[in-house]
Amino acid sequence: MNAAVLHQSVGSIQLCGCDNSLGSIKLSGNSSLRFFSKGFDTGLFQSGNCNYRPFTLRIIHASTSHSSVVDQASTSDLGDSTIDSPKSSGEAALILIRHGESLWNEKNLFTGCVDVPLTKRGVDEAIEAGKRISNIPVDIIYTSSLIRAQMTAMLAMTQHSRKKVPITIHTENEQAETWTQIYSEETKKQSVPLITSWQLNERMYGELQGLNKLETAERYGKDQVHEWRRSFDIPPPNGESLEMCSKRAVAYFRQHIEPHLQSGKHVMVAAHGNSLRSIIMYLDGLTTQEVISLELSTGVPLLYIYNDGKFMKRGSPVGPTEAGVYAYTDSLARYRQELDQMSSF
């Protein structure tokens, strides 16, 4: 279901897809219905395409709200995790982090959607990323469904000055929702919801996954492998092109993440080289030629400021004392001032 359907359609719902995430439907007036899909097909791709199957929708509750179409489940179980973040200016921070080095990065293997953890170096990179963003507010976290991205986000948050605990939101079934409830309002305030989504996964490399990159170049030729890796619309055998990855990643960003920024919430996204390239292509308005030459280092956070419908790129924070990062917006400056006042006690 794309963003246009969510924002424009009132009475029709497309009952097919491959997203098992929780969402909401905007109805007439100020009413909204929350829903989630059941029966997620784990066989996501065939020749790089998503296998669609029908959704089973279950109404959780109906409510009246002034908010736009937003994934309300992301914070419902944790209370108001944004209590410390000023929102009056309409400014919000967006932090993008490519995961730290994985065990297959270290071995120079095509990883794609294979679920591989971080190396010791990757762990250190994630911790260093956390130090760089330790004084930037984080209200909600999005990661891919892959462990290397989730590890990166969790480790980065161990360095955050607010000491809030990232908690993965489980909505896969009613029991998971019930069993993961938090019953302390104070604990909710000291928590940050973490949402996982396969749409933020690395692009699926098809029959290249698990192969050594150098050996693959010797087998198929350097030019062919370079075309698979760096072209925009040519997929590897039975895999995804960057264009295909971009369609799912950007659609998810616009549907689930951007509404949070519009409402003034500060968001961190920990994902992968190609899914983040796709999002940056959207944020910066890059051409297909510009995006294929975009290189993202592992474990280096990038900061964007969302203000009045526009994204302003601010590069990578040098460290927690980098005053310039907080001077870009009034809300971040006030946030930093609050932190300084807290540390003085």
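Of the 345 residues of this chain, 50% count as buried. The model is a predicted one, and the exercises below walk through it piece by piece.

**Exercise 1. The chain as a whole**

Task: How many helices and strands does the chain have, and what share of the contacts with a separation of 6 or more comes from residues 24 or more positions apart?

Solution.
- Step 1. Begin with the secondary structure: it comes to 14 helices and 14 strands.
- Step 2. Turn to the contacts with a separation of 6 or more. Residues 24 or more positions apart account for 76% of them.

**Exercise 2. The nonpolar cores**

Task: Find which residues have the most contacts inside the largest nonpolar core, and list the elements that give two or more residues to this core.

Solution.
- Step 1. A general point to start with: in soluble globular proteins, nonpolar side chains tend to be buried together.
- Step 2. In this model the largest nonpolar core has 25 residues, and Leu94, Leu96, Tyr142 and Val269 have the most contacts inside it.
- Step 3. Two or more residues of this core come from each of β8 (91-98), β9 (140-144), α10 (242-262), β12 (267-271), α11 (273-284) and β13 (301-307).
- Step 4. Take Val269 as a case. Leaving aside neighbours within four places in sequence, Val269 is in contact with Leu94, Ile95, Leu96, Ile97, Tyr142, Leu200, Ile257 and Leu276.
- Step 5. Another core lies apart from this one; it has 17 residues, including Met157, Leu194, Leu303 and Leu332.

**Exercise 3. A pair of helices**

Task: Work out whether α8 is parallel or oblique to α9, and say which residues meet.

Solution.
- Step 1. Two packed helices are described by the angle between their axes and the distance between the axes.
- Step 2. For helix α8 (residues 213-220) and helix α9 (residues 222-230), the axes come within 6 Å and cross at roughly 120°.
- Step 3. This crossing therefore makes α8 oblique to α9.
- Step 4. On the α8 side are Lys213, Thr216, Ala217 and Tyr220, which meet Lys222, Gln224, Val225, Trp228 and Arg229 in α9.
- Step 5. Sorted by character, the residues of this contact are 4 nonpolar, 2 polar and 3 charged.

**Exercise 4. Positive phi outside glycine**

Task: Locate Asn108 and Asp308, and decide for each whether the residue is exposed or partly exposed.

Solution.
- Step 1. Recall the background: most residues other than glycine have a negative phi.
- Step 2. Asn108 is not a glycine, yet its phi is positive, about 60°. Asn108 sits in the loop between α3 (103-106) and α4 (120-132).
- Step 3. The relative accessibility of Asn108 is 28%, so Asn108 counts as partly exposed.
- Step 4. Asp308 also has a positive phi, near 55°. Its loop is the one between β13 and β14 (310-313).
- Step 5. Asp308 has a relative accessible area of 69% and is therefore exposed.

**Exercise 5. Two histidines in loops**

Task: Is His266 buried or exposed, and which residues is His272 in contact with?

Solution.
- Step 1. His266 belongs to the loop between α10 and β12. With a relative accessibility of 1%, against a limit of under 20% for buried, His266 counts as buried.
- Step 2. A polar atom of the His266 side chain lies 2.9 Å from the backbone nitrogen of Ala93.
- Step 3. His272 is placed in the loop between β12 and α11, and its relative accessible area of 0% makes it buried.
- Step 4. Beyond neighbours within four places in sequence, His272 is in contact with Arg98, His99, Ser144, Leu146, Arg148, Ala149, Leu200, Asn201, Glu202 and Arg277.
- Step 5. His272 and Thr298 are 26 residues apart along the chain, and their C-alpha atoms are separated by 8.6 Å.

**Exercise 6. From sequence to space**

Task: How far apart in space are the C-alpha atoms of Val123 and Thr152, and of Thr168 and Val192?

Solution.
- Step 1. Val123 is in helix α4 and counts as partly exposed at 21% relative accessibility.
- Step 2. From Val123 to Thr152 there are 29 residues in sequence and 7.1 Å in space, C-alpha to C-alpha.
- Step 3. Leaving aside neighbours within four places, Val123 is in contact with Leu118, Met151 and Leu155.
- Step 4. Thr168 is in strand β10 (residues 165-168) and is partly exposed, with a relative accessible area of 21%.
- Step 5. The C-alpha atoms of Thr168 and Val192 are separated by 8.6 Å, with their positions 24 residues apart along the chain.
- Step 6. Not counting residues up to four places away in sequence, Thr168 touches Met154, Leu194 and Thr196.

How values were computed: Residues numbered from 1 in each chain as written. Predicted model: local features only at pLDDT ≥ 70, side-chain atom pairs only at ≥ 80, totals over all residues. Heavy atoms only, no water. Core = buried A, V, L, I, M, F, W, Y, C linked by side-chain atoms within 4.5 Å. Buried < 20%, exposed > 50% of the residue type's maximum accessible area, 1.4 Å probe, protein only. Helix = DSSP H or I, 4+ residues; strand = E, 2+ residues; numbered from the N terminus. Contact = heavy atoms within 4.5 Å. Axes fitted to C-alpha atoms, helices over the stretch in contact; angles between N-to-C directions. Parallel < 35°, antiparallel > 145°, perpendicular 65-115°, else oblique. Nonpolar A, V, L, I, M, F, W, Y, C, P; charged D, E, K, R; others polar. Polar contact = N/O pair within 3.5 Å; in protein donor to acceptor, adjacent residues only side chain to side chain.
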